[in-house]
Amino acid sequence: MVSSKTSGESCTGALIQYESYVPSKTDGILIYFSSVDVANERAIIEEAGGTIVKEKTMISPDTGYMAVFIDSEGNKNALFSRA
């Protein structure tokens with residue numbers, strides 16, 4: 001179980017490995033992980049075995065920034081931050 005708390009908010013989840021669950025670079029949902037600054041997590045993705053698909057990019061001045069990466073297991077994920 002993974003748990004994260006930020007500014008009084010909380011988010012929980014689980015990472016599960018099962019023979020019928022196949023990592024996907026193209027299909028399925030895109031999960032966004034929130035951060036203070038996308039650049040912080042972006043800095044460690046490749047050294048942790050991941051690949052950057054889309055560098056930190058402004059969504060809009062009012063919304064914030066995002067980046068997309070493939071994790072070490074082959075799953076496509078995204079990061080989001082206001083800064």
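**Figure 1. The start of the chain in this predicted model has pLDDT under 50.** Over residues 1–5, pLDDT stays under 50, and the model has twelve contacts for this stretch beyond four places in sequence. Strand β1, residues 2–6, is where confidence in the chain is lowest, with a mean of 43. Confidence is highest in strand β4, residues 51–60, where the mean is 96. For the chain, the mean pLDDT is 83. A value of 70 or more is reached by 81% of the residues.

**Figure 2. The chain has one helix and six strands.** The order along the sequence is β-β-β-α-β-β-β, so that the helix α1 follows three strands and precedes three others. Of the 83 residues in the chain, 23% are buried. The accessible surface comes to about 6400 Å², and carbon and sulfur atoms hold 53% of this area. Among contacts with a separation of 6 or more, 37% join residues that lie 24 or more positions apart.

**Figure 3. The largest nonpolar core has six residues.** Its members are V38, I45, I52, A67, F69 and L79. Helix α1 (38–45) and strand β5 (64–70) each supply at least two residues of this core. One core member, L79, has many partners outside its neighbours within four places in sequence, including V38, I45, A67 and F69, which are also in the core. The contacts of L79 also include Y32, F33, E41, R42, Y65 and M66.

**Figure 4. Strand β5 pairs with β4 and with β6.** β5 is mostly covered, with six of its seven residues buried. Six bridges join β5 to β4, and the two strands run antiparallel. In this pairing, M58 has Y65 of β5 as its bridge partner. Three residues separate β4 and β5, which form a hairpin. To β6 (residues 76–81), β5 is likewise joined by six bridges in the antiparallel sense. I70 stands opposite K76 of β6, and the bridge partner of A67 in β6 is L79.

**Figure 5. The hairpin of β5 and β6 has five residues between its strands.** In this hairpin, G74 takes a positive phi near 95 degrees. I70 and K76, the latter in β6, stand opposite each other.

**Figure 6. Strand β6 also pairs with β3.** Strand β3 (residues 31–34) and β6 run in the parallel sense, with four bridges between them. F33 has L79 as its bridge partner in β6. L79 of β6 is also the bridge partner of A67. Both F33 and A67 are among the contacts of L79 beyond four places in sequence.

**Figure 7. N77 is a buried residue of strand β6.** N77 counts as buried because its relative accessible area is 7%, which is under 20%. The side chain of N77 makes a polar contact with the side chain of D71, at 3.3 Å. Leaving aside neighbours within four places in sequence, N77 is in contact with L30, I31, F33, A67, V68, F69 and D71.

**Figure 8. S81 of strand β6 has a side chain that reaches the backbone of V38.** The relative accessibility of S81 is 0%, and S81 therefore counts as buried. The side chain of S81 reaches the backbone nitrogen of V38 at 3.0 Å. V38 is also one of the residues of the largest nonpolar core. Not counting residues up to four places away in sequence, S81 touches S35, V36, D37, V38, T63, G64 and Y65.

**Figure 9. R42 of helix α1 is in contact with I52, E55 and L79.** These three partners are listed without the neighbours of R42 within four places in sequence. R42 and I52 are ten residues apart along the chain, and their C-alpha atoms are separated by 7.8 Å. The side chain of R42 also makes a polar contact, at 3.4 Å, with the side chain of E46. Two of the residues that R42 contacts, I52 and L79, belong to the largest nonpolar core.

Methods: Residues numbered from 1 in each chain as written. Predicted model: local features only at pLDDT ≥ 70, side-chain atom pairs only at ≥ 80, totals over all residues. Heavy atoms only, no water. Buried < 20%, exposed > 50% of the residue type's maximum accessible area, 1.4 Å probe, protein only. Contact = heavy atoms within 4.5 Å. Areas by Shrake-Rupley, 256 points an atom, 1.4 Å probe, with all protein chains shown as cover. Core = buried A, V, L, I, M, F, W, Y, C linked by side-chain atoms within 4.5 Å. pLDDT = per-residue confidence, 0-100. Pairing = 2+ DSSP bridges. Polar contact = N/O pair within 3.5 Å; in protein donor to acceptor, adjacent residues only side chain to side chain.
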